[in-house]
Amino acid sequence: MSADRLSGVSEKRKPESVLLHPLGAAAAPEQELLCIFGTGDLGRSLGQRLLQSGYRVVYGSRRPHSCGPLPQGAQATSHEAAAQSAGLVFICIHRGHYDFLESLAPQLKGKVLVDVSNNLKKNIYPEANAEYLQRLIPGAHVVKAFNTLSAWALQNGPSDANRQVHLCGNSAEAKQAVAEVATKLGLSVLDKGCLSAARELEDFPLQLFPEWRLPLRVAVGLTAFFFFFLLIRDVIYAYVDQRKDISFRIMVSLANKVFPIVSLIMLCLCYLPGVMAAYLQLYRGTKYRRFPDWLDRWMLCRKQLGLIALGFAFLHVFYTLIIPIRYYVRFRIAASTISQVRENITSVFDNTTAWRVDSYYSVGILGFGLFLLLGITSLPSVSNALSWREFSFIQSKLGYLTVFFCTLHTYLYGWNRFLKPSSYKWYTPPGYLLCLAVASLLIVLKLLLLLPCVDRSLIRIRQGWERKDPEDSNTKALLA
């Protein structure tokens, strides 16, 4: 439904006539005229997109002759004239300037007003901007929409992250008119219901990384815990027990221990909820019962957990690459070489150590390569080009292979050090053993799910089969 039909102006139907000239010479239908109040960045960007989509645009401004550069093809006039000329009006001004709209109530009666405003903070006003606008002009049909799009997105075209337009309003016809405009701009529309949902839409742009909050808190918590844990074991213990000041290791050596530990734990936390969900389905014997809220929330942030884990893996790689150029490392190598020359000692080549070190680096490189592949395929531009089977194969099958390689990399790093009593300073285990406990638990749980008898039952449950409860069967038998 076009916005002109909502303007309250009725047009008489003209009788059908026969064309006496070729179809190619027929006059093109007149383009629909839309009005925009406000000539700021958002108003100009919205007008440019509307013009590119085939609409005519008129701006309502306090200073129509000096309102700044407008998109080519648009007109600027007073608010009164602009309101009378179009049936759909975009209100691209801040709530603090809404007062003058009350004087335009006669001109805006029956029109569709699209409120695109946002606030700087939550709960500044007792009611939503759109509800306030509806109270100012009760004769208009107010629709909250387009407030989640930025001026930059409108200028450069919507991407996958901001292609959706949320709208709400009390008039179904008004929402349909706005939805048609959004669809013509190449946007998808999500109807959030009546105008009382406007506050929710206005608070949505104010949220700062809502899906990243829990993963970031977990990352910060793990980083702080392992930093202070290793600081006590490595630096403070050396000073108290041996009177050695090795505090300089905090910047590189200590950090390069914290990053891989946190990375492996967060990678395991990315796949652990899926394994727990599988065991829960096996226990319940059905897939139709909802997961607990904490598990559901955990599963929804798996992508963010994996990307943060990849970031820590990158830091581990960079810190490892600078080890050979550190002053401490070069000093130790030079001192060791001079000591061997003075004492006329020749080091014996250890074939086992060579195998372990080469395997340690090789497995680490393979694990990081697979880790990087998981991160790339999680990008919307890449995942949209994959089928669901391809995406599932990479994220699931190769994902667990990544966990295996990274865990093996850590085992090769520790080797037989866990058998030495000197590794347990102040009776505390090394940091890498703690992350190996989480990774090993995940691998064991996953291997149990791969057993043929368990895997067949899980596949049947996920295909819709349900295990019957004996109590329910006895109850049905008694009732029969």
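Reader: Which residues form one aromatic cluster?
Author: Y360, Y361, Y413 and Y432 form one aromatic cluster. The model is a predicted one.

Reader: What makes Y413 and Y432 an aromatic pair that is edge-to-face?
Author: Their ring centres are 5.6 Å apart and their planes stand at 90°. Rings pair if their centres lie within 6.5 Å, and planes over 60 degrees apart count as edge-to-face. The Y413 and Y432 rings therefore meet both conditions. This pair links distant parts of the chain, with Y413 in helix α15 (residues 388-414), Y432 in helix α16 (residues 431-449), and the two positions 19 residues apart in sequence.

Reader: Is Y432 called buried or exposed, and why?
Author: Y432 has a relative accessibility of 11%. Buried means under 20%, so Y432 counts as buried. Y413, at 27% relative accessibility, counts as partly exposed.

Reader: How many aromatic pairs are there by this rule?
Author: The count comes to 20 aromatic pairs. One of them is F314 with F318, whose ring centres are 6.0 Å apart and whose planes are at 40°.

Reader: Why is the pair of F314 and F318 called tilted?
Author: Planes under 30 degrees apart count as stacked and those over 60 as edge-to-face, with the rest tilted. The planes of F314 and F318 are at 40°, so the pair is tilted.

Reader: What separates F314 and F318 in helix α11?
Author: They are four residues apart in helix α11 (residues 302-321), which is about one helical turn. An α-helix has 3.6 residues a turn, so residues three or four places apart point the same way. F314 is partly exposed at a relative accessible area of 29%, and F318 is partly exposed at 47%.

Reader: How do you know that K144 and D115 meet in a salt bridge?
Author: The N to O distance between their side chains is 2.8 Å. The cut-off for a salt bridge is 4 Å, so K144 and D115 qualify. The pair links distant parts of the chain: K144 belongs to strand β6 (residues 141-144) and D115 to strand β5 (residues 112-115), 29 residues apart. Both K144 and D115 are buried. By this rule the salt bridges come to 11.

Reader: Which way do the residues of β5 point?
Author: V112 and V114 point one way from β5, while L113 and D115 point the other way, and all are buried.

Reader: Which strands join β5, and in what sense?
Author: Strand β4 (residues 88-91) runs parallel to β5 and is joined to it by four bridges. V89 stands opposite L113 in β5. β5 also pairs with β6 in the parallel sense, over four bridges. There, V114 has V143 in β6 as its bridge partner.

Reader: What makes D234 and R233 a salt bridge?
Author: Their closest N and O atoms are 3.8 Å apart. The limit is 4 Å, so D234 and R233 form a salt bridge. Both D234 and R233 are buried.

Reader: How is K257 placed with respect to D234?
Author: K257 forms a salt bridge with D234, with the closest N and O atoms 3.0 Å apart. K257 lies in helix α9 (residues 253-284) and D234 in helix α8 (residues 213-242), so the pair ties together parts that are 23 residues apart in sequence. R233, D234, K257 and K425 are linked in a network of salt bridges.

Reader: Why is D234 called buried, and what is K257 called?
Author: D234 has 11% relative accessibility and the limit for buried is under 20%, so D234 counts as buried. K257 is partly exposed, with a relative accessible area of 32%.

Reader: What puts L295, W298 and M299 on the same side of α10?
Author: These three residues of helix α10 (residues 293-300) are buried. They cover an arc of only 95° around the axis, which puts them on the same side of α10. The face turned away from the buried side carries the exposed residues D293 and L300. The buried residues of α10 pack against α9 and α11.

Reader: Where does K184 lie?
Author: K184 lies over the face of Y55, at 4.6 Å from the ring centre. R460 lies over the face of W465, at 4.4 Å from the ring centre.

Notes:
Residues numbered from 1 in each chain as written. Predicted model: local features only at pLDDT ≥ 70, side-chain atom pairs only at ≥ 80, totals over all residues. Heavy atoms only, no water. Buried < 20%, exposed > 50% of the residue type's maximum accessible area, 1.4 Å probe, protein only. Lys NZ or Arg CZ within 6 Å of the ring centre and 35° of its normal. Arc of directions from axis to C-beta. Contact = heavy atoms within 4.5 Å. Pairing = 2+ DSSP bridges.
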